[in-house]
Amino acid sequence: MFRNRNFETLLEKATSHLLMEQDLASTLQMCDLIRQDDIQPKFALNSLKKKLSSENPHTALYALLVLESMVKNCGTVFHEELTTKAFCDFLHDLSKTTPHENVRNKLLELIQTWNFAFRKNPKHGALKDLMNTMKLEGRKFPVLRESDAMFSSDTAPEWADGDVCHRCRVQFGMLQRKHHCRACGQVFCGLCTSKTSTLPKYGIEKEVRVCDACYDEIMKPSSA
Ligand SMILES: O=P(O)(O)O[C@@H]1[C@H](O)[C@H](OP(=O)(O)O)[C@@H](O)[C@H](O)[C@H]1O
Ligand SMILES: [Zn+2]
Ligand SMILES: [Zn+2]
């Protein structure tokens, strides 16, 4: 699919061993692709695995910096993929197999930072287990900088479910299909979500379906 190839091209650029510094432009473009659902977190992480395991120290480190940016910018759907047992096992192996000292150190820093950021959410237990296991293995984690663990960017709300339209209450069925507004996440009939808009605040640059109420809210002239 084109989007996947586009993502892979961006990842090649952002993890080139010829880079002198992080390619933030390509990195943020990849984050946007994930945030607007063009790229699934699982696909992104699988592509990243190869780069993280690279023999080249620059490629491996830049891949870790890309991962750090995705965790900061792509929200809960990405966090849930990051903290699956499978990916935590991959991170555990990487910490033991990478030949690059700076990659291992950065990895320890990130695992600790993410644990702090997700400390209140039991859904991310596998990451907590990973950190405890690594501590038992004698890994020395760096001093935690709480400021590193503040993830700021807004992400689109999760989609609600329901049997009737959130706005006009019509009953869903074979001839009355469900639709979701990307701005509020509520479920609506086709008539109540016939409009589209970009949602820059959620990193969505393409026109996506929004409900009438959200459309009116977005179109309101912003108070000067
Ligand atoms: O058409 P269906 O087979 O009912 O599937 C629905 C479409 O995928 C809707 O996408 P859309 O919001 O972009 O229309 C989605 O919001 C609903 O949850 C799905 O149930
Ligand atoms: Zn409706
Ligand atoms: Zn809405």
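## Buried, and what it means here

A residue counts as buried when its relative accessible area is under 20%, and as exposed when that figure is over 50%, with partly exposed in between. Keep that in mind while walking through this predicted model, as the cut-offs come up at both zinc sites and at one loop residue.

## Zinc site, ligand 3

Let's start with the zinc ion that is ligand 3. Its protein donors are the SG atoms of C181, C184, C211 and C214, lying 2.3 Å from the metal. Along the sequence these cysteines follow the pattern C-x2-C-x26-C-x2-C. The pair C181 and C211 ties together distant parts of the chain, 30 residues apart: C181 sits in the loop between β1 (179–180) and β2 (187–188), and C211 in the loop between β4 (204–210) and α9 (212–219). Both C181 and C211 fall in the buried class.

As for geometry, the angles among the 4 donor atoms run from 102 to 121°, and the site is tetrahedral. For reference, the ideal angle for four tetrahedral donors is 109.5 degrees.

## Zinc site, ligand 2

The other zinc ion to look at, ligand 2, is held by the SG atoms of C165, C168, C189 and C192, at 2.3 to 2.4 Å. This arrangement is tetrahedral because the 4 donor atoms subtend angles of 101 to 119°, and the class requires all angles to lie between 85 and 135 degrees. The spacing of the donors reads C-x2-C-x20-C-x2-C.

Here the pair linking distant parts of the chain is C168, in the loop between α8 (125–136) and β1, and C189, in the loop between β2 and β3 (195–199), 21 residues apart. C168 has 39% relative accessibility, so C168 counts as partly exposed. C189 counts as buried because its relative accessibility is 2%.

## Around ligand 1

Now for ligand 1. The residues around it are W159, R177, K178, H179, H180, R182 and R209. Sorted by type, that shell holds 1 nonpolar, 2 polar and 4 charged residues.

Several side chains reach oxygen atoms of ligand 1. An N or O atom in the side chain of H179 is 2.6 Å from one, a polar side-chain atom of R182 lies 2.8 Å from an oxygen, and R177 also places a polar side-chain atom 3.1 Å from an oxygen. Taken alone, ligand 1 exposes 440 Å², and the protein buries 57% of that.

## A loop aspartate

One last stop: D38, in the loop between α2 (24–35) and α3 (41–52). Its relative accessibility is 9%, so D38 counts as buried. The side chain of D38 also makes a polar contact with the side chain of Q36, at 3.0 Å.

Note on methods. Residues are numbered from 1 along each chain as its sequence is written. Chains are lettered from A and ligands numbered from 1 in the order in which they are written. This is a predicted model: local features need pLDDT of at least 70, side-chain atom pairs count only at pLDDT 80 or more; totals for chains, interfaces and linings use all residues. Side-chain values use heavy atoms; hydrogens and water are left out. Donors are N, O and S atoms within 2.8 Å of the metal (3.2 Å for Na, K and Ca); water is not among the atoms, so sites may look incomplete. Four donors count as tetrahedral if all angles lie between 85 and 135 degrees; four count as square planar and six as octahedral if opposite donors are over 155 degrees apart and all others between 65 and 115; anything else is irregular. Helices (H or I, at least four residues) and strands (E, at least two) are DSSP runs, numbered from the N terminus. Buried means under 20% relative accessible area, exposed over 50%, partly exposed in between (1.4 Å probe, protein chains only). A residue is near a molecule or strand if one of its heavy atoms lies within 4 Å of it. A polar contact is a pair of N or O atoms within 3.5 Å; within protein, one must be able to donate a hydrogen and the other to accept it, and residues adjacent in sequence count only if both atoms are side-chain atoms. Accessible areas come from the Shrake-Rupley method with a 1.4 Å probe; for residues, only the protein chains shown count as cover. Ala, Val, Leu, Ile, Met, Phe, Trp, Tyr, Cys and Pro count as nonpolar, Asp, Glu, Lys and Arg as charged, and the others, Gly among them, as polar.
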